[in-house]
Amino acid sequence: MLIALVLAIFIRTFFVQAYKIPSGSMEPTLLIGDHILVNKIIFGLRMPDSIFGLEIPGVPLGQYVFHLEPVHRGDVVVFVFPPDRTKDFIKRVIGIGGDTVAVKNGVVWLNGSPMPDPHGHFEVAPQDRSPVSPRDNFGPVTVPPGKLFMMGDNRDRSYDSRFWGFVDLNDVEGRATIIYLPWNEEKADAASTLSVVFLWFEYVRWDRLGMIVH
């Protein structure tokens with residue numbers, strides 16, 4: 001039993017971890033209630049931010065011991081939220097070190113040109129865009145080396161790098177891989193407990209089960 005527990009903690013810390021999507025900032029790619037698996041080893045071996053809540057001198061906590069695959073533009077990643085390191089966020093990588101990012105009337109520009117944006121979802125009409133809101137007009141900014149510029153796919157409903165800045169590469173915890181439980185949390189929250197327990201299959205978005213996160 002103890003060995004199994006230690007092994008489970010080891011796998012969760014360094015290899016794969018389950019996460020639940022709490023908001024609509026990544027819609028329609030990820031919906032509220034989607035349970036996803038995150039590959040934590042794909043970018044390399046990252047030490048956790050603490051070990052059982054303790055910081056150990058000499059241990060590079062919150063740092064990569066070694067790197068494997070680089071983080072690419074377009075990756076959907078989980079990372080430590082810079083303004084509050086007790087929270088994890090999930091967004092899409094828009095810019096890597098050296099890239100120049102801007103938003104003009106809601107459209108994302110990358111390195112001086114409108115960015116191909118097949119995952120972008122927009123809810124605000126062009127005539128309703130604000131000239132002063134970073135949601136609609138932002139930058140340009142150049143991403144420093146070792147940093148990332150992140151945005152949610154739901155461009156008009158995402159609290160992201162337009163508002164709080166860059167993400168350090170060392171704070172990237174892994175890449176989203178698959179939706180293993182597409183739970184319709186909003187529908188379940190509006191239902192009775194008995195309904196959720198006995199009719200649970202009605203609250204699973206079956207058409208999203210097993211979807212690969214792109």
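In strand E11, Met150 is the bridge partner of Val93. This report on a predicted model starts from that pair and proceeds to the surrounding strands, the nonpolar cores, a buried serine and a separate sheet.

**Strand E11 and its partners**

The pairing of E6 with E11 is antiparallel and comprises three bridges. E11 is also joined to strand E12 (residues 167-168), again in the antiparallel sense, by two bridges. There, Asp168 of E12 is the bridge partner of Lys147. Because four of the five residues of E11 are buried, the strand is largely enclosed by the rest of the structure.

The strand pairings discussed in this report, with one bridge pair for each, are as follows.

| Strands | Sense | Bridges | One bridge pair |
|---|---|---|---|
| E6 and E11 | antiparallel | three | Val93 and Met150 |
| E11 and E12 | antiparallel | two | Lys147 and Asp168 |
| E8 and E9 | antiparallel | two | Leu110 and Ser113 |

**Nonpolar cores**

Met150 also belongs to the largest nonpolar core, which has 14 residues. Together with Phe43, Val77, Phe79, Leu148, Val167 and Val172, Met150 is among the members that touch the most others. Two or more residues of this core come from each of strand E5 (76-80), strand E6 (88-95) and E11. Beyond its neighbours within four places in sequence, Met150 contacts Val77, Phe79, Lys91, Arg92, Val93, Ile94, Asp160, Ser161 and Val167. A second core, separate from the one just described, holds 12 residues, including Met26, Leu30, Ala176 and Val213. In soluble globular proteins, nonpolar side chains tend to be buried together.

**Ser158 in the loop after E11**

Ser158 lies in the loop that connects strand E11 (147-151) with helix H2 (161-164). With a relative accessible area of 7%, Ser158 falls under the 20% cut-off and is therefore buried. A polar atom of the Ser158 side chain is 3.1 Å from the backbone nitrogen of Gly152. Outside its neighbours within four places in sequence, Ser158 is in contact with Ser25, Lys91, Met151, Gly152 and Phe163. Lys91 is likewise a contact of Met150.

**A four-stranded open sheet**

Four strands form an open sheet with antiparallel pairing, in the order E9-E8-E7-E10. Strand E9 (113-114) and strand E10 (138-142) are its edges, each pairing on one side only. Strand E8 covers residues 107-110 and pairs with E9; in this pairing, Ser113 of E9 is the bridge partner of Leu110.

Technical notes
Residues numbered from 1 in each chain as written. Predicted model: local features only at pLDDT ≥ 70, side-chain atom pairs only at ≥ 80, totals over all residues. Heavy atoms only, no water. Buried < 20%, exposed > 50% of the residue type's maximum accessible area, 1.4 Å probe, protein only. Polar contact = N/O pair within 3.5 Å; in protein donor to acceptor, adjacent residues only side chain to side chain. Contact = heavy atoms within 4.5 Å. Pairing = 2+ DSSP bridges. Core = buried A, V, L, I, M, F, W, Y, C linked by side-chain atoms within 4.5 Å.
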